[in-house]
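Work through the following exercises with the sequence and the model side by side. Each task is followed by a solution that goes step by step.

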Amino acid sequence: MKDLKDIKFWLFDLDNTLYDGATKVFDQVDKKMSKFISEKLNVGIEEARRIQKNYFQEYNTTLNGMIKHHKIDADEFLEFVHDVDLSFLNKDKDLEDEIKKLEGKKIIFTNGSRAHALNVTKRIGIDKLFDGIFDIRDCEFIPKPSKEPYKKLVENYKIEPQYCIFFEDIARNLKPAYELGMKTVWIKNNEPWAAKYSDSNFINYKTDNLAKFLKEINELR
Ligand SMILES: [Mg+2]
């Protein structure tokens, strides 16, 4: 872990990274997406679910597929799917303490919306700790793991990739970061599609506890 001593750019995915996937926040978003498709395309929920998963597979976000094939309004979609119950998402004092101690720029990099990132980080008690949120609009609706948003993010925040580390629960999203020269950390989980490629060489570290991992880095300094 010594190689993480000089990190000065900290990139965090949002969902299932800054909070535990077991909280089922993203499960609700997932269900809202099915509902949106069912209503928009006038199909049953089973069919909507099939379409949703196909688009996710093919275009990396359901939203991207819906824009390409059905010309839907992105803002309407994002607002609808992120309108979920976050009341059981608790303050995370350990995470707050460790993020506070990190030196350098801290940025959230999400395939979701800025509003959702703000709602979630407020619940956890870490909303004031970041220098920026790079959301799906900033990505111009080209989601991770396409290379474009990573490059745009690096440019926007003047990131030096060799001093940057990226934390993310979907293993394949770490690949472009690694290829740009960043360090990568996979947040362990049991979602088959998120864990796919988690044994690849583009993953430098793995952890099942983000706060603890950050603590170890903070103790190197
Ligand atoms: Mg995630």
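The exercises below concern a predicted model, and they go from the domains to the sheet and then to helix pairs.

**Exercise 1. Domains**

Determine how the chain is divided into domains, and state which classes of residue make up the side of domain 1 that touches domain 2.

Solution. Begin with the division of the chain: domain 1 takes in 2-19 together with 89-218, while domain 2 covers 25-81. Next, take the centres of the two domains over C-alpha atoms, which gives a separation of 24 Å. Then list the contacts, in which 13 residues of domain 1 meet nine residues of domain 2. Finally, sort the residues on the domain 1 side of this contact by class, which yields seven nonpolar, four polar and two charged residues.

**Exercise 2. The sheet**

Give the strand order of the open sheet of six strands, and identify its edge strands.

Solution. Following the pairing across the sheet gives the order β3-β2-β1-β4-β5-β6, and the pairing is parallel. The strands that pair on one side only are β3 (132-134) and β6 (205-207), and these are the edge strands. On average, neighbouring strands of the sheet are turned by 20° against each other, with direction ignored.

The individual pairs can now be placed. Strand β1 (residues 9-12) pairs with strand β2 (residues 105-109) in the parallel sense over four bridges, and within this pair F9 has K105 of β2 as its bridge partner. From β2, three bridges lead to β3, again with the strands running parallel, and here I107 is partnered by G132 of β3. At the β6 edge, strand β5 (residues 183-187) is joined to β6 by three bridges in a parallel pairing, in which V185 has Y205 as its partner.

**Exercise 3. Helix α1 and its two partners**

Describe how helix α1 packs against α4 and against α2, giving an angle and an axis distance for each pair.

Solution. Two packed helices are described by the angle between their axes and the distance between the axes. For α1 (residues 25-41) and α4 (residues 74-81), the angle is about 135° and the axes are 8 Å apart. Angles from 65 to 115 degrees count as roughly perpendicular and those over 145 as roughly antiparallel, and α1 and α4 are therefore oblique to each other. Their crossing is right-handed. On the α1 side the contact is made by V29, K32, M33 and F36, which meet F77, F80 and V81 of α4; by class, this contact has six nonpolar residues, one charged residue and no polar ones.

For α1 and α2 (residues 45-59), the axes come within 8 Å and cross at roughly 110°, so the two helices are roughly perpendicular to each other. This crossing, too, is right-handed. Here M33, S34, I37, S38 and L41 of α1 meet I45, A48, R49, I51 and Q52 of α2, and the contact comprises six nonpolar, three polar and one charged residues.

**Exercise 4. Helices α5 and α10**

Work out the packing angle, the handedness and the residue classes for the contact of α5 with α10.

Solution. The angle between α5 (residues 93-101) and α10 (residues 210-218) is about 35°, and their axes lie 9 Å apart. The handedness of this crossing is left-handed. Turning to the residues, D94, L95, E98, I99 and K101 of α5 meet L210, A211, L214, K215 and N218 of α10. Sorted by class, the contact holds five nonpolar, one polar and four charged residues.

Technical notes. Residues are numbered from 1 along each chain as its sequence is written. This is a predicted model: local features need pLDDT of at least 70, side-chain atom pairs count only at pLDDT 80 or more; totals for chains, interfaces and linings use all residues. Domain bounds come from an automatic or database domain assignment. Two residues are in contact if their C-beta atoms, placed from the backbone, lie within 7 Å. Ala, Val, Leu, Ile, Met, Phe, Trp, Tyr, Cys and Pro count as nonpolar, Asp, Glu, Lys and Arg as charged, and the others, Gly among them, as polar. Two strands pair if DSSP finds at least two bridges between them. Axes are lines fitted to C-alpha atoms, for helices over the stretch in contact, and angles run from 0 to 180 degrees between N-to-C directions. Angles under 35 degrees count as roughly parallel, over 145 as roughly antiparallel, 65 to 115 as roughly perpendicular and the rest as oblique. A crossing is left-handed if the near helix is turned anticlockwise from the far one by less than a right angle, and right-handed if clockwise.
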